[in-house]
Amino acid sequence: MLHALSLWLFCLGLWLLLSGLFDNPLLLSFGALSCTLVVFVAWRVEQVDPEEQPLRLRFGPQLILYWPWLLRQVVLANIDVARRILDPKLPISPALIQLKPSQRSELGRVIYANSITLTPGTVTTSLSGDSLEVHALTREGADALLAGGMDRRVAGLERGNP
Amino acid sequence: MAWLIDGLSWLALLGGVFFMIVGGVGLLRMPDFYTRLHAASITDTLGAGLILLGLMLQGGWTLVSAKLLLILLFLWFTSPTATHALVKAALSDPENPRPLLHEDAPSSKS
Amino acid sequence: MFAAAAFGILACMVLAMARALLGPTVYDRIMAVNAFGTKTVLIIAVLGFMSGRPDFMDIALVYALINFIGTIAVLKFIRYGDMGWPRNVPDEPGDL
């Protein structure tokens, strides 16, 4: 019930943000009605295809510090890949590597895999069970992932991990 | 103050266009499909990010900037998903060529 | 200046279109069309600022949504030959 209510409030906030209408009662009630419809459809879908409880992450300094860190990594990787593309010799050394993620929850592994794919130069090719396959554009990128800095940071987001 | 924000926004727009064109050139220069994906992800992350940041600086604190931020967040959440679906489909297709690998790559699978 | 940005994005769209026409495999073409869609979202946003019509941002947002869903739908169609549930393929965990 709390889940449905928070989804409804989220949808209403999004509707207000996108429509920009705050003073027309008829349109506001239509917006509230459409949010209710969305919550109903989401409830129906949830019965067919249940989702893991989403709020398994610890809200703390780690979560706030993770995004700027990821943004910095993305910018650095962008500059590196752009330099390699503009180099006339095209200095790439593609590699396919296996990783063992240390996150325990599914959500943690998905955040890890998405972070890898968002960073240019590395793409997650498969995520099954507790192993992760990554295609890297360069050997340096593959070595940086094997060193496991990002893995430790994402594992630190999970509840109960140090 | 206004000229500073204006200058920053032009700088962000020009940087975004630069990264986009680099990504486009990479899309044509890279030798096989799997390496081209990395070039495409440049345009999706920093190219789109810098252009939308430049537009947000032009928009100021308005509803338009909030929408631009929403577009940016949406692109950054969906582009890894689309890339992953693409590479997974390509790898599971037996007729698609395997990725070219560098010979002395670390713990590579043949 | 917005015009310069729009021209840059258009040049990049030409490069992506060239890859879509050249691409040896069908996945190259899907990737190029996906990149083309991302650039379309950006050019709609820039054109909205250029012509002073902020309503274009809504169109850009919807285009971003359709681009993602379209890519996934085309991939699914190529994998299964069917937009619905994959009836003729045995269950494989972790597909698409």
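**Exercise 1. Describe how chain A of this predicted model is built, beginning with its buried residues**.

Solution.
Step 1. Chain A has 162 residues, and 39% of them are buried. A residue counts as buried when its relative accessible area is under 20%.
Step 2. Next come the secondary structure elements. Chain A holds six helices and three strands. Read from the N terminus, their order is α-α-α-β-α-β-β-α-α.
Step 3. Now take the contacts in chain A with a separation of 6 or more. Of these, 66% are between residues 24 or more positions apart.

**Exercise 2. State how many residues chain A and chain B each bring to their contact, and how much area they bury**.

Solution.
Step 1. Chain A contributes 43 residues to the contact, and chain B contributes 40 residues.
Step 2. The two chains bury about 3500 Å² between them. Carbon and sulfur atoms carry 73% of this area.
Step 3. On the side of chain A, the residues that lose the most area to chain B are Ile85(A), Leu96(A) and Leu118(A). Together these residues make up 18% of what that side buries.

**Exercise 3. Which polar links does the interface of chain A and chain B have, and which elements of chain A take part?**

Solution.
Step 1. Look for salt bridges: the rule finds zero across this interface.
Step 2. Look for polar contacts: eight residue pairs are in polar contact between chain A and chain B, with both residues at pLDDT 80 or more.
Step 3. Several elements of chain A give two or more residues to the side that touches chain B, among them α1 (2-19), β1 (95-99) and α4 (106-118). The element that gives the most is α3(A), with nine residues.
Step 4. Sort the residues on this side of chain A by type: 26 are nonpolar, twelve are polar and five are charged.

**Exercise 4. Find the residues that touch the most other members of the largest nonpolar core, then follow Leu55(B)**.

Solution.
Step 1. The largest nonpolar core has 52 residues. Leu52(B), Leu55(B) and Leu68(B) touch the most other members.
Step 2. Helix α2 (residues 26-50) of chain C gives the most to this core, with seven residues.
Step 3. Leave out residues up to four places away in sequence. Leu55(B) then touches Leu13(B) and Leu68(B), and in chain C Phe2(C), Ala45(C), Val46(C) and Phe49(C).
Step 4. Another core, of 16 residues, lies apart from this one. Its members include Ala40(B), Ala90(B), Tyr27(C) and Ile30(C).
Step 5. For background, nonpolar side chains in soluble globular proteins tend to be buried together.

Definitions and conventions. Residues numbered from 1 in each chain as written. Chains lettered and ligands numbered in written order. Predicted model: local features only at pLDDT ≥ 70, side-chain atom pairs only at ≥ 80, totals over all residues. Heavy atoms only, no water. Core = buried A, V, L, I, M, F, W, Y, C linked by side-chain atoms within 4.5 Å. Buried < 20%, exposed > 50% of the residue type's maximum accessible area, 1.4 Å probe, protein only. Helix = DSSP H or I, 4+ residues; strand = E, 2+ residues; numbered from the N terminus. Contact = heavy atoms within 4.5 Å. Buried area = accessible area lost by both parts, 1.4 Å probe. Salt bridge = Lys/Arg side-chain N within 4 Å of Asp/Glu carboxyl O. Polar contact = N/O pair within 3.5 Å; in protein donor to acceptor, adjacent residues only side chain to side chain. Nonpolar A, V, L, I, M, F, W, Y, C, P; charged D, E, K, R; others polar.
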